[in-house]
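Good morning, everyone, and thank you for making room for me in today's meeting. I would like to walk slowly through one structure, so please keep the picture in view while I talk.

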Amino acid sequence: MLRLNTVQNNTRLSTQELLLTIGAAVERGETDFYIEASGQHDIGGPLWNRDGGKLTFRVVNPGQRVGCMCMANTEILVEGSAPADVGWLNAGGRIVVSGDAGDTAGHCAAAGVIYIGGSAGARSGSLMKHDPLYEAPEFWVLEHVGSFSFEFMGGGKAVVCGHNCQDMPSVLGERPCVGMVGGVVYVRGPVSQLRPDVRLSRLNDEDIAWLAGGMEQFLAAVNRADLRDSLRVWGQWRKITALAYEERAHGRAVSLAEFRAGQWVGGGIFSDVFSDDFRVNGLLARGDYRLRAPVWENALHAAPCEFSCPASIPSQRRFNLLREGRVDEACRLVLDFTPFPGSVCGAVCPNPCMESCTRAGVDHPVLIGGLGSLSANIRVEKEAAPSGRHVGIIGGGVGGLTAAWQLARMGHAVTVYEADRVMGGKLEQVIPRQRLNRHVLRGELQRIEDMGVTFVTDCAVDAEKFGELRKGHDALIVATGGHVPRIFPWPGHERITAGIDFLKAVNRGEKPEVPENVIVIGCGNAGMDAAAGAYAMGARRVVCIDVQKPAAFAHEIAHIQGLGGKLLWPVRTREITDKGLITEDGVLIPGEMVIITIGEAPDISYIGEEVKKFRDWLIPGEDMSILEGVFAVGDVIKPGLLVHAIGSGRQAALAADAWLRGEKYVPEAKKAVAGERLRTASFARCHGCDLPRPQDDFARCVSCGTCRDCKMCLKSCPEQAIERKDLEKGGFEYLSDPERCIGCGICAGVCPCGVWAMQANWDMS
Amino acid sequence: MESVTTQDVTRNDFPWKISYHPERCTMCGSCTAACTFNAIAPVMARRDLTVSRKSFPEPVREHMARPVIAQKNDVDNACVGCGMCEKVCPNQAIAPVRNPDSRFPLLARAQGPVKRGGRTNLNAQRTLDSIIVGRISQMTDPSLDSERHTFDIRSPLGRVLKADELPFRVEGDNLVLTGATPPVHWIYPAIFSDMSIGALSTRAWEALALATACLNEKHDMPVRMCSGEGGMPIKLLESPQLKYVILQIASGHFGWNRIIKALPKMKTDPAGVLIKIGQGAKPGDGGLLPAAKVAPHIQAIRGVPKADLLSPPNHQGLYSIEESVQKMHLSLNAAFGFRIPVAIKCAASATSVSVYNNLLRDPYKICGGFFIDGIQGGTGAANEVSLDHTGHPVVSKLRDCYLAAVMQGLQGQIPLWAGGGIGMTGNAAADVFKMLCLGANGVIMAKILIQLLGCVGNERGRCNACSTGKCPTGICTQDPRLVRRLDIDRGAENIVRYMLAFDSELRKLLAPVGNSSLPVGRSDALVSTDKAVADKLGIQYAC
């Protein structure tokens, strides 16, 4: 036994001196120590006897960390109390403190036994662990522990007996067992609220057996065997264990679906104003939930050819019929719109249809003009029964004759009164013969007559005659055209020859005399006709002038230039002399003859009554009427192309027919198909290839706005939503099944004709 | 020959160009079907070529046309970059790509002023990002364990009285309350900030309310949500879960008829009332709900027909902050029996400190909080010029307000709540911690919530089409078709999970500074790597 008194002669051994002294003694083989300490730290460890003997320390008044890192086979008995860190990192020693222990007693102990005969301070037992190679550490406290005890405890066994402190709010202080993950704390007495990751439960038999055994030794060690009975009331005990790793929440959020179903306003908080089943759609949806839906807008819009044709001839339909092999129907169709497909469409018409043809942007317009010629000799039967009504038509030009043709086909009796000796108007009188085959014209006039139209020629109409005709017919159509030349009052204007009179004379075969040099004022198509006429009558040089860029078609201009003619513009006329024309700049353009072709005005003086006019022209109402039962057609309304007169002739016929039947005439509204809807990429460009015959040009026709039945949509639809159905009454339709369609728009994207349109799905709100 | 002129608008002029790989595309139609902006469409593309396949030049013209997906060229259908096409494409054949050469700001304005949602695009640089939590307690004042220790993460909403102002009388050893004290609610330091019914879809708004309730009832996080100025659903007004909602009254006063009518049927008081004077994203401008979003149920809740709903820029009839305290605060306190806190929200501005000082002098003690919203705040539909060019950074303004109160010894009495861009970088907890240290009692956050619901918008011009009614995620639209795209449970769950992570990250910042309660005003915990920021905010400069 080595007794060490740490204070001698008023001198205190330092911790270092004391520990070195103890170490040297242990090294010498000393095993028993009695240490009268004076606050020296770290007494009792880590020390070991070389021969494996047991070390015993009896200590009074130790400093902090008594028994720290204490080894197995070491026993430390503290008489009285010990400050902080009793048995810190205890590695196997038996440490007994008969009084109280300070804070963090048993801190990080991983083996051995620590007995405290009083209470222990804050954070006691924190971070205790259990090394599985050794017995679990034990930490016994007779009374209570301070706050934060057993914090982060990872193993071992702690026992807090709660002796004499059953009135305390908590024998474990505040916030015990925070972060505890292992081990067990047996406790007798009140415990403050525990964190949810530990469990407070009753003892089982095994716990009781262990506690009962251990209690005997503990009480014996701290000399309190007298408490044996009071502490062995096992019903007063509980144990605190940590939830197993698997039992912990690990940041798991509650299922919101369950929360909504169980603890939320039923049906949702907006269910009174907005119906919602809370189902979720993906980015793709069908039926009502598609963003957009396709619509098969077949023939809803006019093709550019139809739209730009003043007579609204739907050539795309003709080509579609040809594609289907229905050649007769294709040829007949045009006659619903004009009786002059051969003379006008196929010959003299500048064909605005072809100019606007979508195909023109690809390579060459579809051969619509030529298609007209195919219908020149087609015969059609009169389908309608006689109406018993008689319509008179004043003027046997294309406008009047178109009206006559339409009205006759509708079953009305029709008589056309023509001032000239032959029917045909400007086709007959003005259009140069080389531009129009007379046989074609005769044939088409004959077709009109064959439809039952009565032709009356040499019948000039004056006011009196007009009155007479009004009385004699149920309706009257005014189609006398424009024949009064417009001439400006330049000095010398009396020298000017009117182009229309000149061309009429040529066509009548009068062979008007023409000098060597001819000047034509006006470079429209009529000007080119006059120039051509002048050359035909023997002129050597023709100069055509205009104040603006020549309006004649390029091929007409090229024809005149080919004959040697010159076109000058902009040129303004100052005067006409016997030498020729003097321009505003004072330049003389030599010429012995000046022909003017700047337009003609109508002569409507025969209409005795007041009618609405703009300058020389009539202004009909929306129903084409200028008077009750009198309708106007063609150049009496506005100067235009032959096909304009044909268009207005048809409209006037429809208007007159409606009027005769007491119905209101509503002009057809044409909507052009939008160019961006058409997909011309599917058509190969015709690279220097030969164009087909007009009747074979259906493959090139885009069929703008009208389904060409190509099945591109049907075969491209990724959802197989499109179906083609034959209709009972003939024809077919394409349908998109909303239950399959996702609204992707591929049908509209691949449709060459622009028939499929994507529309916003119906407004669901 | 293509007919294109230099002035024609093409996809090259747009902020987003569609990158498309036809060789990967099978024309399944998914991308075009999913695009709410109708920005892409299938078309036929000509693939004609003259080729020569012999060993000598022998031209053969080959024709092929194939369908492709093409971006539309018109401004009205310009791609916004939301990327739904990319998301839905099974073959990675299509995606929007940001176009650095965009001329869109010019082109779009040629058709009128630009309106958009989202947050400011020009002022996205953030003061908070130059601030670091620089004081880490180690030895001197021990830090806490963020995961295992308990923290008191609560902030006041309501007027807090000074100790000597409390109406207490000493009776023996006890203090006895002798008069009424203003209501104060101790709530989580993040309020889900006012996004209106109307701005948000029914599902999006309900998801926020649902997440709020779940955080309260299942996760012990007393988060409050502010209704926004679009009124309240009657069913929620009559539900016990009303207690999590702060009602907003703004200059448009939308929906208050239904709120007032529901008073007798309320099972509980709401969490408070927030008087909105202005918002950071478009200060000086009132709320704006474009007609495209004024669906029948919005018309019903708000009591107005379909039209562009413009809240006046100011509360008509209020001409000063004193009058606001008198009229708005008093009336709204009175309406709920002086039982709930009534706070006020203003856009951060050069005058914020004056306003706060005025509120602090309120003799009636009925102002329960001062909310300031900075320029980085969000909006559903603002004029872009307001969004990008008006407003005030919130950080220094918050600091100024806090220090003004400190100078008078009045800090903490009218809680300061600040927001505008909180969580912009994804980490709201760090933002909140810094704001708390600078003097905020809590923060308000909004856009991050819809981003958690699935919003793909950002500060670099992606999507931000909240004003169009065509929100591809069903969040900022009233179109039932698009609303159906939003999974309310999944959205709400994302918010709940984020808030749980937020909570643990906030602890991770609280623990090192050794605070187990909120470190309001603990600016010693912060350092800035920007000298100017450090000087302005009165925090340490470090580099």
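I will begin with how the model is described, go on to where the two chains meet, and then turn to some sheets, a helix and a loop.

What you see is a predicted model, in which local features need pLDDT of at least 70 and side-chain atom pairs count only at pLDDT 80 or more, while totals for chains, interfaces and linings use all residues. Residues are numbered from 1 along each chain as its sequence is written, and chains are lettered from A and ligands numbered from 1 in the order in which they are written.

Let me start with the meeting of the chains. Here 59 residues of chain B are in contact with 49 residues of chain A, where contact means that the C-beta atoms of two residues, placed from the backbone, lie within 7 Å. On the chain B side, the largest share, 9 residues, comes from helix H4 (residues 202-219) of chain B. The residues on that side divide into 29 nonpolar, 11 polar and 19 charged, with Ala, Val, Leu, Ile, Met, Phe, Trp, Tyr, Cys and Pro counted as nonpolar, Asp, Glu, Lys and Arg as charged, and the others, Gly among them, as polar. When I say helix or strand, I mean a DSSP run, numbered from the N terminus, of H or I over at least four residues for a helix and of E over at least two for a strand.

How do we describe two packed helices? We use the angle between their axes and the distance between the axes. H4(A) and H4(B) pack at an angle of about 85°, with their axes 11 Å apart; the axes are lines fitted to C-alpha atoms, for helices over the stretch in contact, and angles run from 0 to 180 degrees between N-to-C directions. That makes H4(A) roughly perpendicular to H4(B), since angles of 65 to 115 degrees count as roughly perpendicular, those under 35 as roughly parallel, those over 145 as roughly antiparallel and the rest as oblique. Leu256(A), Phe259(A), Arg260(A) and Gln263(A) make the contact from H4(A), and Leu210(B), Cys214(B), Glu217(B) and Lys218(B) make it from H4(B).

Helix H4 (residues 256-263) of chain A also meets helix H15 (residues 488-510) of chain B, where the axes come within 8 Å and cross at roughly 110°, and these two helices are therefore roughly perpendicular as well. Here Leu256(A), Ala257(A) and Arg260(A) face Asp489(B), Ala492(B), Glu493(B) and Val496(B), and the residues of this contact divide into 4 nonpolar, no polar and 3 charged.

Now to the sheets, beginning in chain A. An open sheet of 6 strands has the order S17-S16-S15-S18-S32-S31, with mixed pairing, and two strands pair if DSSP finds at least two bridges between them. Strands S17 (453-456) and S31 (625-627) stand at the edges with a single partner strand each, so one side of each is left without a neighbour in the sheet. From one strand to the next, the twist averages 25°. Within this sheet, S15 (residues 390-394) and S16 (residues 413-417) run parallel and are joined by 5 bridges, and His390(A) has Ala413(A) as its bridge partner. Helix H11 (residues 398-409) of chain A lies across S15, S16, S17 and S18, running at about 165° to S16(A).

Elsewhere in chain A, 6 of the 7 residues of strand S11 (residues 182-188) are buried, a word that applies when 20 or more other C-beta atoms lie within 10 Å of a residue's own, whereas 12 or fewer makes it exposed and anything in between partly exposed, with C-beta atoms placed from the backbone. S11(A) pairs in the parallel sense with strand S10 (residues 154-160) over 5 bridges, and in the antiparallel sense with strand S13 (residues 237-242), also over 5 bridges.

In chain B, all 5 residues of strand S7 (residues 115-119) are buried, so this strand is largely enclosed by the rest of the structure. S7(B) pairs with strand S21 (residues 378-383) in the antiparallel sense over 4 bridges, and Arg119(B) stands opposite Gly378(B).

Finally, is Asp616(A) buried or partly exposed? With 15 C-beta neighbours inside 10 Å, Asp616(A) counts as partly exposed, and this residue is found in the loop between strands S29 (613-614) and S30 (617-618) of chain A.
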